[in-house]
Structure formats: C-alpha cells, structure tokens
Amino acid sequence: MAEGRSNSGIAHKLWITEGTVEKHVHSILSRMRIPGTEDDHRRVLAVLTFLGAR
C-alpha cells in the first residue's frame, strides 16, 4: 500500500490472490482503527499513520 499499489497490483507482486490481499488490507485497517468515511481515503491514512510512526 505504501508503494501506491492497488489490491490487484499487490496480489500480482506477491503471487497471491486479490481476495487474500483484500482480507489482509481489511485486517490492517481494522487493527489501526481507521474508520471508513465518505471524506477520507483509508489506505492513504494508513500509510500516513505508518510513516509517522517511523
């Protein structure tokens, strides 16, 4: 996600199914407690949170 890849792009890079990527992304967003809203993009918020924690 931090490289800007879509679920499909991540799946292709890691040789796994897109469904597997979706499950992992959902798990990551849930653990980070990033709420889904109409105004925000959860994947971008997750990356920004990750980069800020470094």
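A nonpolar core is a set of buried Ala, Val, Leu, Ile, Met, Phe, Trp, Tyr and Cys residues joined through side-chain atoms within 4.5 Å. Keep that in mind for the exercises below, which work through a predicted model.

**Exercise 1. Which residues make up the largest nonpolar core, and which element gives the largest share of this core?**

Step 1. List the members: the largest nonpolar core has 7 residues, namely Ile 10, Ala 11, Val 21, Val 25, Leu 29, Ile 34 and Ala 46.

Step 2. Sort them by element. Two or more residues of this core come from each of α1 and α2.

Step 3. Pick out the main contributor: α2 supplies the largest share, 3 residues.

Step 4. Look at one core member in detail. Leaving aside residues up to four places away in sequence, Leu 29 touches Ile 34, Arg 42 and Ala 46. Of these partners, Ile 34 and Ala 46 are also listed in the core.

**Exercise 2. Find out how helices α1 and α2 pack: at what angle, and how far apart are their axes?**

Step 1. Locate the helices: α1 covers residues 7-14 and α2 covers residues 18-31.

Step 2. Read off the geometry. The helices pack at an angle of about 115 degrees, and their axes are 8 Å apart.

Step 3. Classify the angle. Angles of 65 to 115 degrees count as roughly perpendicular, and α1 and α2 are therefore roughly perpendicular to each other.

Step 4. Add the handedness: the crossing of α1 past α2 is right-handed.

Step 5. Name the residues in the contact. From α1 come Asn 7, Ser 8, Ile 10 and Ala 11, while α2 brings Glu 18, Val 21, Glu 22 and Val 25.

Step 6. Sort the contact by character: 4 of its residues are nonpolar, 2 are polar and 2 are charged.

**Exercise 3. Is Ala 11 buried or exposed, and which residues does Ala 11 touch?**

Step 1. Place the residue: Ala 11 belongs to helix α1.

Step 2. Apply the cut-off. Buried means under 20% relative accessible area; Ala 11 has 6%, so Ala 11 is buried.

Step 3. Collect its partners. Not counting residues up to four places away in sequence, Ala 11 touches Ile 16, Thr 17, Glu 18 and Val 21.

Step 4. Check one distance: Ala 11 and Glu 22 are 11 residues apart along the chain, with their C-alpha atoms separated by 9.2 Å.

**Exercise 4. Where does Ser 27 lie, and how far apart in space are Ser 27 and Gly 9?**

Step 1. Ser 27 lies in helix α2.

Step 2. With a relative accessible area of 26%, Ser 27 is partly exposed.

Step 3. From C-alpha to C-alpha, Ser 27 and Gly 9 are 18 Å apart, and 18 residues separate their positions in sequence.

Terms used
Residues numbered from 1 in each chain as written. Predicted model: local features only at pLDDT ≥ 70, side-chain atom pairs only at ≥ 80, totals over all residues. Heavy atoms only, no water. Axes fitted to C-alpha atoms, helices over the stretch in contact; angles between N-to-C directions. Helix = DSSP H or I, 4+ residues; strand = E, 2+ residues; numbered from the N terminus. Parallel < 35°, antiparallel > 145°, perpendicular 65-115°, else oblique. Left-handed = near helix turned anticlockwise from the far one by under 90°. Contact = heavy atoms within 4.5 Å. Nonpolar A, V, L, I, M, F, W, Y, C, P; charged D, E, K, R; others polar. Buried < 20%, exposed > 50% of the residue type's maximum accessible area, 1.4 Å probe, protein only.
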